[in-house]
Amino acid sequence: MRKKTIILIYVLVTLGPLALGLSYSIRYSFGLTGLMNEGFTLTHWIKLCKESDALYSLGYSAWLTIISMLLTLGLSLMLSWWFVRRKGANGLFKSLFLPMLFPPLVAAFAWFYLLSPGGIISRMAYHLHITNAIDDFPRWTNDNYSIGIVITHVFLIFPIFTLLFTAQAQKERVSELMNAALTLGSSKIQFLKRIYIPLLLLKTRPVIWLYGIFLLGTYEVPLLLGQSSPRPVTLFITDKLTRFDLKDIPVGHAMVVVYTLLVLVVIALFVRKKQHLI
Amino acid sequence: MIVLDNLHKVYDGETVLNGLSLEVPEQLTLSILGKSGSGKSTLLKIMAGLESADSGSFSVHGEDMLSLVPQKRGVVYLSQEPLLFPHLSVFENLAYGLKIRKQDKAAIQKDVEVMADKLGLSEHLMKGPHQLSGGQKQRVSFGRALIINPNILLLDEPFGSLDTQTRAEMQSLFNSIRKEFSITALFVTHDLKEALLMGDRVAMMQDGNLQVFSSVEAFINDPGSGAADEIKFWKQFNL
Amino acid sequence: MKNQLRHIVLIFVLSPFLTVVYLSLVSGWSFPDLWQANFTLRFWKSLLESGSGLLDSLRLSLFISFSIALLATAFGFFVSKQLMFWQRYQALLQLAFYPYLIAPVILGAMLQYYFVRWGLTGTLLGVFLAQTLFVLPYSVLLMATFWTDRIRQIAFQASSLGASNRQVNASVLFPMARSWLLLCFVQCFLISWFEYGITRLIGVGKVDTLTIKVMHFVQEANPHYAALAACLMILPLLVVLVINQRLITNRNPNPL
């Protein structure tokens with residue numbers, strides 16, 4: 001009996017809020033609830049589909065996720081390769097733990113003051129006579145290419161992947177596999193291409209998906225380092241829901257539904273049954 | 001002819017190879033016996049290019065090997081662990097060396113199928129390494145090495161982790177295959193019986209040096225080999 | 001790897017930390033001042049005064065994160081235990097991924113209506129509840145990794161030797177789970193400590209945790225106080241890291 005009660009509480013805690021929130025957003029998006037509701041309507045969904053901003057924000061989130069992930073994976077694979085083959089380098093290895101102490105907001109703040117035209121790198125450039133005025137420095141924050149956002153994302157997650165890849169490579173006994181491959185006639189580059197990279201990416205695939213989902217939901221970093229347009233899906237939603245224009249709220253809720261279903265599908269397809277990831 | 005001449009190797013002040021010299025005619029298998037830590041593995045790793053010698057030379061058909069990177073030597077090192085590539089199927093593992101050499105697809109397909117057939121792996125080609133038994137994994141590891149037709153096969157206690165029955169099966173499989181493929185091999189073991197079974201000749205590793213016996217009989221008759229004692233032990237049961 | 005690359009990575013990792021510390025130690029920092037800036041301990045000293053309210057925020061953040069971590073660890077332990085002894089635990093366990101992986105700020109946005117209706121917005125209890133929405137599922141997922149077959153067999157063994165549930169917990173499971181519990185506590189603490197989005201949304205600026213303070217100072221264009229608040233967030237974790245590296249680095253809560 002006690003056991004069933006605990007399981008029931010667990011199901012309520014995990015599914016309850018989500019079911020409650022999602023059903024509210026669905027009802028709101030179809031005009032069934034909310035301050036201005038006039039009964040069932042598809043208007044808000046049609047508006048969402050027509051609003052280029054909405055599609056754009058989804059695409060922008062996906063783009064940020066993909067580019068941040070690609071850079072992170074590249075850097076982490078390279079570093080792990082180095083750590084696996086040459087023991088030592090302890091100082092660098094330990095320094096990787098530092099970014100893990102950074103709340104995303106603080107990381108964004110720090111990178112803002114490093115990268116912005118009034119920031120530290122710009123000042124160094126000025127003192128080194130690379131630039132002559134504050135305006136000479138390129139825009140790396142709140143910029144068109146989201147450079148600051150991507151750098152901060154990589155800063156926040158590359159240590160995790162480097163540690164993960166290094167541990168996984170040691171578990172798979174990569175040094176010995178490399179010896180086997182070398183004596184079979186493989187060069188180091190061929191080993192990297194055919195064994196090391198595919199092996200590690202395959203073994204850590206669920207974790208890559210997991211962090212992909214985290215990146216899709218990034219909020220604080222683009223809040224500080226992004227532009228008002230394009231903005232990622234999280235900012236699109238919070239903007240719509242907290243704005244004074246009441247007509248915007250149902251569209252925001254429609255986007256909540258889209259985002260939530262997207263994440264649920266990704267979890268169901270790629271992350272399920274992997275509780276050891278956590 | 002494989003020629004090793006005056007190889008030296010010192011590890012942390014300890015001499016592992018002390019002027020080791022050796023000649024192995026082609027298509028023969030030399031069994032190397034020795035206690036653990038006697039430097040057997042080091043010798044094989046130096047030959048494979050996975051470690052370097054402090055001094056000395058190693059040549060195959062007169063060509064200096066020590067100056068070559070491992071992948072150019074045609075010397076394959078097989079350890080007790082089969083070390084299959086975990087993310088590749090049995091087929092892909094067998095084909096690895098051929099793909100590296102950019103052979104065409106049809107040839108690879110054919111070679112792998114032939115090799116799999118010889119090793120009794122035909123039914124397992126699409127399986128992953130984790131679905132294989134210990135003996136099967138070791139066979140894939142063999143096949144992966146044999147398929148590229150290496151100059152020398154170096155076997156470092158390859159059957160050490162197998163159970164007795166599988167071990168016996170693998171020993172006879174290896175014996176038939178090495179004849180078929182005319183392989184030149186060094187077979188390291190600490191098991192006296194295995195050394196006699198697998199080698200055309202037997203050598204003993206001691207104090208960083210190798211004593212090669214001219215024939216199996218010479219080995220048995222040598223008081224230092226321990227073979228005579230072993231035979232005496234079994235004889236007392238009149239088996 | 002070339003030495004150069006190594007230095008680039010080292011600079012990449014260290015510079016945000018150094019930036020935050022540096023900004024908390026300079027004042028009157030106008031372009032292009034760098035070394036010429038006025039170094040001062042003024043901001044750090046101001047901590048002791050009441051004006052900035054940073055110490056209050058530190059206390060509040062510590063209180064929220066500490067209590068959430070405590071609650072979540074206990075919840076994670078007991079719930080995961082029942083779950084893992086359940087026949088179809090895999091299916092049940094997966095449920096925890098859903099609330100944990102939805103961006104907290106969107107989870108908050110979905111539920112804001114209910115928080116408003118129940119009078120929870122702008123209250124400590126509201127922020128507390130909002131954070132538990134995803135910290136509790138995370139703790140269950142983490143603690144579930146403790147219940148291996150071996151642990152389960154040992155627990156059965158103890159029961160079959162006559163130990164009551166309570167005795168099994170006290171004499172076998174708690175001691176064996178100690179490092180997991182500590183890890184779970186620290187990780188849940190971190191998630192709560194790092195949280196900004198949902199705290200902002202549900203707290204509506206009335207529950208001033210340290211992240212809210214950082215943002216507040218950033219928006220006021222006061223980088224020095226923002227940096228000071230950031231230091232208060234990072235330095236305690238640095239101490240934990242030095243004492244026990246594994247606690248911070250072994251598992252991965254949402255870093256974003």
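In chain C, 73% of the contacts with a separation of 6 or more link residues 24 or more positions apart; two residues are in contact if their C-beta atoms, placed from the backbone, lie within 7 Å. This is a predicted model, in which local features need pLDDT of at least 70, side-chain atom pairs count only at pLDDT 80 or more, and totals for chains, interfaces and linings use all residues. Residues are numbered from 1 along each chain as its sequence is written, while chains are lettered from A and ligands numbered from 1 in the order in which they are written.

Let us stay with chain C for a moment. Its secondary structure consists of 13 helices and 2 strands. Here helices (H or I, at least four residues) and strands (E, at least two) are DSSP runs, numbered from the N terminus. The C-alpha trace of chain C spans about 75 × 55 × 35 Å along its principal axes. Of the 256 residues in chain C, 48% are buried, a word used if 20 or more other C-beta atoms lie within 10 Å of a residue's own, with C-beta atoms placed from the backbone.

Now to the way the chains meet. There are 2 pairs of chains in contact, and chains A and C share the most contacts. Chain B and chain C have no contact, and their closest C-alpha atoms lie 20 Å apart. The table gives the make-up of three contact sides, where Ala, Val, Leu, Ile, Met, Phe, Trp, Tyr, Cys and Pro count as nonpolar, Asp, Glu, Lys and Arg as charged, and the others, Gly among them, as polar.

| Side | Nonpolar | Polar | Charged |
|---|---|---|---|
| Chain A, touching chain C | 55 residues | 13 residues | 5 residues |
| Chain B, touching chain A | 13 residues | 3 residues | 2 residues |
| Domain 1 of chain A, touching domain 2 of chain A | 5 residues | 4 residues | no residues |

Between chain A and chain C, 73 residues of chain A are in contact with 73 residues of chain C. Helix α1 (residues 2-29) of chain A gives the largest share of chain A's side, 15 residues. Between chain B and chain A, 18 residues of chain B are in contact with 16 residues of chain A. On chain B's side, β6 (75-78), α2 (90-100) and α4 (134-146) each supply at least two residues.

Chain A is assigned domain 1 (1-41) and domain 2 (52-277), with bounds from an automatic or database domain assignment. The centres of these two domains of chain A, taken over C-alpha atoms, are 32 Å apart. Across them, 9 residues of domain 1 of chain A are in contact with 8 residues of domain 2 of chain A.

A:S29 makes a good residue to look up, and it lies in helix α1 of chain A. Is A:S29 buried or exposed? A:S29 is buried, because 26 other C-beta atoms lie within 10 Å. Leaving aside neighbours within four places in sequence, A:S29 has contacts that include A:H44, A:W45 and A:P250.

Chain B holds an open sheet of 6 strands in the order β6-β7-β8-β3-β9-β10, with mixed pairing; two strands pair if DSSP finds at least two bridges between them. Why is one side of β6 and of β10 (209-212) of chain B left without a neighbour in the sheet? Both stand at the edges, each with a single partner strand, so one side of each has no neighbour there. Strand β9 (residues 201-206) of chain B runs antiparallel to β10(B), and 4 bridges join them. In this pairing, B:A203 stands opposite B:V212 in β10(B).

Key: Buried ≥ 20, exposed ≤ 12 C-beta atoms within 10 Å, placed from the backbone.
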